[in-house]
Amino acid sequence: EDVGARFEAYGWHVQHVDDGNDLAAIEAACEAAQQETSRPSLIVLRTVIGNPAPNKEGTAEAHGSPLGADEVRLTKQILGWDPDSKFLVPEEALTDCRHAIERGAALEAAWHDLRTRYTEAYPEAAAEFDAWLEGKLPDGWTNALPSFPIDKPIATRQASEKVLNALAPLMPNLIGGSADLAGSTGTQIKGAKNFEPEEVGRNFHWGVREHGMTAALNGMAAHGGVRPYGSTFLVFSDYAKPSLRLAAIQSLPIVFIGTHDSIGLGEDGPTHQPIEQMAMLRAMPNLMLMRPADAAETVEAWHAILEHKTGPVVLVLTRQKLPVFDRSRYAAAEGARRGAYILSEPEGGPQAILIATGSEVQVALAAADLLMKEGIRARVVSMPCWELFEQQPEAYRDQVLPPEITARVSIEAAATFGWRRWVGDAGAILGIDHFGASAPAARLFKEFQFTPEHAAELVRQVLEGAKS
């Protein structure tokens with residue numbers, strides 16, 4: 001692959017240094033790159049792996065194995081070092097590193113001086129800058145969060161878009177976009193400018209490059225001050241995973257919005273219907289995944305996301321419209337910020353528990369209603385975020401999922417991997433451990449048995465098993 005030609009085709013400023021050990025040529029290329037301010041720069045260096053080890057340079061051994069004592073000795077002789085020295089740090093390198101301490105202190109002092117003068121000249125802007133760096137949210141931000149009528153079903157991706165645009169005027173450091181799917185993922189800040197070579201805007205059009213998009217979000221978050229987000233269909237999180245993993249390792253608070261979250265996206269078929277992606281993401285340390293059940297939970301998801309500052313969050317949203325739950329009948333959506341909460345409680349206390357996420361919570365509620373007609377009392381727990389629930393005190397977790405109630409059924413239109421933890425050995429898992437199919441969403445949910453009737457039957461079975 002001619003990488004330089006590819007980046008030249010992108011419009012980058014590309015330079016080539018034929019000898020990767022030519023420090024003067026590298027320095028000149030760096031200076032030229034610094035002077036190029038209208039476009040990004042790439043410097044292509046030609047090197048030989050393992051150079052100058054005489055017997056192993058240019059070989060795979062130089063990549064994955066120690067050189068060995070004899071080869072190290074020969075290499076030191078070529079470099080002009082004492083071949084008998086151990087853990088040698090050349091004096092020139094040591095001196096330069098120690099000078100870096102002095103240079104760093106001077107640069108830091110100059111930066112603090114500049115910041116002091118800036119604060120004196122522009123106190124309001126400086127206060128906002130400090131708040132951004134500290135991750136403080138603006139006063140009254142929760143008052144801007146929208147509410148949704150219960151008589152108008154709405155996809156959670158559309159609810160998220162409304163939340164994003166309600167917060168945008170109060171949070172100018174909330175910036176982001178999509179990997180060529182802004183219209184589908186609902187991630188365009190309306191009225192805001194696009195980020196372009198000649199324009200500093202808030203909307204980023206990343207193109208179809210999920211990995212590059214997420215890497216750029218990491219860079220933004222690492223520098224501090226902004227809250228960056230990116231988006232695509234959830235199934236394409238596969239492409240973003242390496243950068244998501246780096247965000248998790250570095251505790252970078254980026255937001256990755258994955259819409260079209262299940263077989264509910266319908267006719268696009270198995271290539272676009274995520275099955276194993278949520279299990280993959282939940283397995284990643286220091287990553288939080290949230291899958292809200294309705295518009296109100298979507299609001300609470302954003303609330304939790306903006307208060308979360310110690311790692312990436314994946315927000316999983318539907319393509320299809322979902323009912324907005326009547327909170328006068330069901331529990332308040334604020335419980336979503338604890339990861340899981342009792343959404344519906346039967347009179348007389350539960351005999352069984354239905355646990356669901358996202359669009360399948362409505363299936364659980366309908367199943368509970370069917371069971372109640374038979375005199376079977378089923379609690380419905382909405383569990384939008386495993387990771388937040390794990391962080392709750394044991395007393396709260398036992399309140400939501402009492403250990404003595406072993407008759408449990410989970411419902412999620414995705415891989416069953418991991419759900420055994422929540423339902424226990426005596427419970428049942430309603431999921432999908434095969435790829436989807438191309439058909440309207442309603443038919444797919446019926447074909448793959450994500451129905452109230454089948455969920456109710458599973459509850460009957462686990463209750464029967466508990467008796468035996």
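Two residues count as being in contact when heavy atoms lie within 4.5 Å. With that in hand, here are some close-ups of this predicted model.

**Close-up 1. Helix α9 and the elements it packs against**. Helix α9 covers residues 210-223, 14 residues in total, and spans 20 Å from its first C-alpha to its last, close to the 20 Å expected. Look for E210, M213, T214, L217, N218, M220 and A221, which are buried. These residues lie on the same side of α9, because they cover an arc of only 165° around the axis. An α-helix has 3.6 residues a turn, so residues three or four places apart point the same way. The partners of the buried residues are the strands β3 (174-178), β4 (203-205), β5 (227-233) and β6 (255-259), together with helix α10 (237-250). Just after α9 comes G224, whose phi is positive at about 80°.

**Close-up 2. An open sheet of six strands**. Following the sheet across, the order is β4-β3-β5-β6-β8-β7, and the pairing is parallel. At the edges stand β4 and β7 (288-290); each has a single partner strand, so one side of each is left without a neighbour in the sheet. On average, neighbouring strands are turned by 20° against each other, direction ignored. At the β7 edge, three bridges join this strand to the parallel strand β8 (residues 313-316). M288 can be found opposite V313 in β8.

**Close-up 3. The largest nonpolar core, with F450**. This core holds 54 residues, and those with the most contacts inside it are I263, L354, I355, M383, L401, I411 and F450. Helix α13 (residues 361-373) supplies the largest share, seven residues. A second, separate core has 30 residues, among them L167, V255, W302 and A304. Zoom in on F450: leaving aside neighbours within four places in sequence, its contacts include I263, V363, I411, L430, I432 and F445.

**Close-up 4. Two positive phi values outside glycine, at F87 and H260.** F87 has phi near 50° and sits in the loop between α4 (69-79) and α5 (91-121). H260 has phi near 55° and belongs to the loop between β6 and α11 (277-282). Their surroundings make a nice contrast: F87 is exposed, with a relative accessible area of 85%, whereas H260 is buried, at 4%.

**Close-up 5. A cis peptide bond between N51 and P52**. Omega of this bond is about 10°. To find the spot, follow the loop between β2 (41-45) and α3 (61-64), where P52 is located.

Conventions:
Residues are numbered from 1 along each chain as its sequence is written. This is a predicted model: local features need pLDDT of at least 70, side-chain atom pairs count only at pLDDT 80 or more; totals for chains, interfaces and linings use all residues. Side-chain values use heavy atoms; hydrogens and water are left out. Helices (H or I, at least four residues) and strands (E, at least two) are DSSP runs, numbered from the N terminus. The expected span of a helix is 1.5 Å times one less than its number of residues. Buried means under 20% relative accessible area, exposed over 50%, partly exposed in between (1.4 Å probe, protein chains only). The arc is that of the directions from the helix axis to the C-beta atoms. A nonpolar core is a set of buried Ala, Val, Leu, Ile, Met, Phe, Trp, Tyr and Cys residues joined through side-chain atoms within 4.5 Å. Two strands pair if DSSP finds at least two bridges between them. Axes are lines fitted to C-alpha atoms, for helices over the stretch in contact, and angles run from 0 to 180 degrees between N-to-C directions.
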